[in-house]
Amino acid sequence: MSKVEIESFLKSFLLFFTSLGVLISTLFYLNYLKDVKVVDEQLFSQMRVCSYDLKCKEFVIDFVPIEKQELYKLYKSDKGLDSYFPILEAQSYYLNFHFPKKKYQEKLAHIQSKTIQLYFATLFIIFILSILFSIYALYPLRSALLLTQEFIKDILHDFNTPLASLKINSYMLQREIGENEKITRIQQSIQNILSLQENLKAYLFNYEQTKEDLELSSFLQQRVALIEKNFPDISFSVDIEKTVIQINKSAFSRIVDNIISNAAKYNKKNGTIKITYSKKKKQLSIEDSGKGIANPSKIFNRFYKEQERGIGIGLHIVKKLCDELQIGIDVKSQVGVGTVFTLQLTHY
């Protein structure tokens, strides 16, 4: 199951199981109170019958002075159950029937035991039903995801031929007529489309399985070299000692490329981008002197954007890939000053 399917399954399960669990718990509690009331009524009925013939061994019978007791009423106390009945031709005493607390608790314990056993049996059935319901509810989502993935895969496949043709012809045209600003812009646009294509691939495929050794400094130099061609007015610097990590190169490339390209796109004129790595903390930092972000907590939401450019999925894909690779990501930003993205590479 994909992450979104697992999340959907858990939410459906918790909603169904919790809702029915609360309902069943309430019903069982009310039923328990009803059973206790039935026991009380049975004991009181037995006391009334016993008041006529006094032939009952389960009750303690005594004579008590008349005070504020009400006749034909069941009293509950810390000592047990009591009920009072009149005595013929007696003006000062009532007949008291007492049911000891210990015996009363034994009856309640029997009711509780039966109720609890039945409750957990019912809860287990609800647990199984919740799992089956959640799996059943997952089918439409899974079908929609598979359909979307197949559609995107087909689109990505169909992109390859025209993009390859555009790329080859643009380089052939450049060789014929030399350096040309319009051709350069066309090549940059093709590169942007290829980058978007890679983002969509990154969104579809899970990269966390395959890993390879990666020398961080040279890798980042390569990524910067590809991006800085499109931003000649931005100053890039990579200050990293030779460090080897084991990670999925393709997924990590998407993470780094998105962050660096965003830092360049939304930078100031003659701005800077500084990339550093702390071996001690295992933190990779990408700091820019750009426009800053007004709502850093929202930037990983799908389709959220604060500028007119882009479609708002780049950083959402970054967060998805970071989660898959178990990379912590943090962002600090100040409008008009700049932004710092920090990647926590603890597991690498």
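A residue counts as buried when its relative accessible area is under 20%, as exposed when the value is over 50%, and as partly exposed in between. The exercises below apply to a predicted model.

**Exercise 1. Decide whether Cys322 is buried or exposed.**

Step 1. The relative accessibility of Cys322 is 0%.
Step 2. The limit for a buried residue is under 20%.
Step 3. Cys322 therefore counts as buried.

**Exercise 2. Find the disulfide of the structure, and give its handedness and the burial of its two cysteines.**

Step 1. Searching the whole structure turns up one disulfide.
Step 2. Its partners are Cys50 and Cys56, with sulfur atoms 1.5 Å apart. The cut-off for such a pair is 2.5 Å.
Step 3. The torsion about the S-S bond is about -55 degrees, so the disulfide of Cys50 and Cys56 is left-handed.
Step 4. Cys50 has a relative accessible area of 2% and is buried. Cys56 is buried too, with a value of 14%.

**Exercise 3. Classify Glu324, Lys282 and Gln326 by accessibility, and place each in the chain.**

Step 1. Glu324 belongs to helix α6, residues 314–325. Its relative accessible area is 15%, so Glu324 is buried. The side chain of Glu324 makes a polar contact of 2.7 Å with that of Lys320.
Step 2. Lys282 sits in the loop between β8 (272–278) and β9 (283–288). With a relative accessible area of 32%, Lys282 is partly exposed.
Step 3. Gln326 lies in the loop between α6 and β10. At 51% relative accessibility, Gln326 is exposed.
Step 4. Now consider the backbone. Most residues other than glycine have a negative phi. Lys282, however, has a positive phi near 55 degrees, and Gln326 has a positive phi near 60 degrees.

**Exercise 4. Work out the strand order of the four-stranded open sheet and identify its edges.**

Step 1. The order is β1-β4-β3-β2, with antiparallel pairing.
Step 2. β1 (60–65) and β2 (74–77) each pair on one side only, and these are the edge strands.
Step 3. On average, neighbouring strands of this sheet are turned by 30 degrees against each other, direction ignored.
Step 4. At one edge, β2 pairs with β3 (residues 80–86) over four antiparallel bridges. Within this pairing, Leu74 has Ser83 of β3 as its bridge partner.

**Exercise 5. Describe the hairpin formed by β10 and β11.**

Step 1. β10 covers residues 328–334 and β11 covers residues 338–344; the two pair in the antiparallel sense over seven bridges.
Step 2. Val331 stands opposite Phe341, a residue of β11.
Step 3. Three residues lie between the strands, and Gly336 in the turn has a positive phi of about 85 degrees.

**Exercise 6. Which residues have the most contacts inside the largest nonpolar core, and which helix gives the largest share of that core?**

Step 1. The largest nonpolar core holds 43 residues, and Phe252, Ile275, Ile327 and Leu343 have the most contacts inside it.
Step 2. Helix α5 (residues 249–265) supplies the largest share, eight residues.
Step 3. Take Phe252 and set aside its neighbours within four places in sequence: its contacts include Leu214, Phe219, Ile245, Leu284, Ile327 and Leu343.
Step 4. Apart from this core lies another, of 17 residues, including Leu43, Cys56, Phe99 and Ile111. Cys56 thus links back to Exercise 2, being a partner of Cys50 in the disulfide.

Conventions. Residues are numbered from 1 along each chain as its sequence is written. This is a predicted model: local features need pLDDT of at least 70, side-chain atom pairs count only at pLDDT 80 or more; totals for chains, interfaces and linings use all residues. Side-chain values use heavy atoms; hydrogens and water are left out. Two strands pair if DSSP finds at least two bridges between them. Axes are lines fitted to C-alpha atoms, for helices over the stretch in contact, and angles run from 0 to 180 degrees between N-to-C directions. A nonpolar core is a set of buried Ala, Val, Leu, Ile, Met, Phe, Trp, Tyr and Cys residues joined through side-chain atoms within 4.5 Å. Buried means under 20% relative accessible area, exposed over 50%, partly exposed in between (1.4 Å probe, protein chains only). Contact means heavy atoms within 4.5 Å. A polar contact is a pair of N or O atoms within 3.5 Å; within protein, one must be able to donate a hydrogen and the other to accept it, and residues adjacent in sequence count only if both atoms are side-chain atoms.
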